[in-house]
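Please walk me through this model stop by stop. At each stop, tell me what to select and what to look for there.

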Amino acid sequence: MGLIKLMVLIAVVIGLVILWRRFKAWQISSQRQQPTPTNPPLMVRCAQCQLHLPRDQALRVNDQWYCCDAHRDAGRHD
Ligand SMILES: [Zn+2]
């Protein structure tokens, strides 16, 4: 009788461990599904050399974007 009780106890413990692991896996997967607000930098193209660069590093003249002062000035004179 003692052996059967021990086996039942082991089976219950294994079942609880499996349930706990599934719960943790579900918790992690549900956390991953949450939207992560990662805004990729908006890229613009230099009107002079066609280089792509982040918009916050670009220079804007009217509706044209430029990568540097030299290209901005060159673009103005055209
Ligand atoms: Zn450029």
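The model is predicted. The tour starts in the N-terminal helix and then moves to the metal site and its surroundings.

**Stop 1: helix α1**

Select residues 6–23, the span that an unreviewed UniProt entry labels "transmembrane region". This span is 100% helix and 0% strand, and its end C-alpha atoms lie 26 Å apart.

Next, show the side chains of Trp 20 and Phe 23. These two residues sit in helix α1 (residues 2–33), three residues apart, which is about one turn of the helix. The structure holds two aromatic pairs. In the pair of Trp 20 and Phe 23, the ring centres are 5.8 Å apart and the planes meet at 35°, so the pair is classed as tilted. Add Trp 26 to the selection: Trp 20, Phe 23 and Trp 26 form one aromatic cluster. With a surface switched on, Trp 20 is exposed at a relative accessible area of 53%, while Phe 23 is partly exposed at 35%.

**Stop 2: the zinc site**

Select the zinc ion together with Cys 46, Cys 49, Cys 67 and His 71. The cysteines coordinate through SG and the histidine through ND1, at 1.9 to 2.3 Å. The angles between the four donor atoms run from 95 to 121°, and because four donors count as tetrahedral when all angles lie between 85 and 135 degrees, this arrangement is tetrahedral. Along the chain, the donors follow the spacing C-x2-C-x17-C-x3-H.

Now keep Cys 49 and His 71 highlighted. This pair links distant parts of the chain, 22 residues apart: Cys 49 is in the loop between β1 (43–45) and β2 (52–54), and His 71 is in helix α2 (residues 69–77). Cys 49 is partly exposed, with a relative accessible area of 36%. His 71 is also partly exposed, with a value of 23%.

**Stop 3: the nonpolar core**

Which residues make up the largest nonpolar core? Select Val 44, Cys 46, Leu 53, Ala 58, Val 61, Trp 65, Tyr 66 and Cys 67, eight residues in all. Two of the zinc donors, Cys 46 and Cys 67, are in this set.

Centre the view on Tyr 66. Leaving aside residues up to four places away in sequence, Tyr 66 touches Cys 46, Ala 47, Gln 48, Ala 58, Leu 59, Val 61, His 71, Arg 72 and Gly 75. The zinc donors Cys 46 and His 71 are among these contacts.

**Stop 4: Gly 75**

From Tyr 66, move to Gly 75 in helix α2. Is Gly 75 buried or exposed? At 18% relative accessibility, Gly 75 is buried, because the cut-off is under 20%. With the same sequence neighbours left out, Gly 75 touches Gln 48 and Tyr 66. For a distance check, draw a line from Gly 75 to Trp 65: the C-alpha atoms are 9.5 Å apart, and the residues are 10 apart in sequence.

**Stop 5: two positive phi angles**

Most residues other than glycine have a negative phi. Select Gln 50, which is not a glycine yet has a positive phi of about 65°. Gln 50 lies in the loop between β1 and β2 and is partly exposed, with a relative accessible area of 39%.

Finish at Asn 62, another non-glycine residue with a positive phi, here about 55°. Asn 62 is placed in the loop between β3 (59–61) and β4 (64–66). At 68% relative accessibility, Asn 62 is exposed.

Technical notes
Residues are numbered from 1 along each chain as its sequence is written. This is a predicted model: local features need pLDDT of at least 70, side-chain atom pairs count only at pLDDT 80 or more; totals for chains, interfaces and linings use all residues. Side-chain values use heavy atoms; hydrogens and water are left out. Rings of Phe, Tyr and Trp (its six-membered ring) pair if their centres lie within 6.5 Å; planes under 30 degrees apart count as stacked, over 60 as edge-to-face and the rest as tilted. Helices (H or I, at least four residues) and strands (E, at least two) are DSSP runs, numbered from the N terminus. Buried means under 20% relative accessible area, exposed over 50%, partly exposed in between (1.4 Å probe, protein chains only). Donors are N, O and S atoms within 2.8 Å of the metal (3.2 Å for Na, K and Ca); water is not among the atoms, so sites may look incomplete. Four donors count as tetrahedral if all angles lie between 85 and 135 degrees; four count as square planar and six as octahedral if opposite donors are over 155 degrees apart and all others between 65 and 115; anything else is irregular. A nonpolar core is a set of buried Ala, Val, Leu, Ile, Met, Phe, Trp, Tyr and Cys residues joined through side-chain atoms within 4.5 Å. Contact means heavy atoms within 4.5 Å. UniProt positions are given in the numbering used here, feature names are shortened, and annotations may be inferred rather than shown by experiment.
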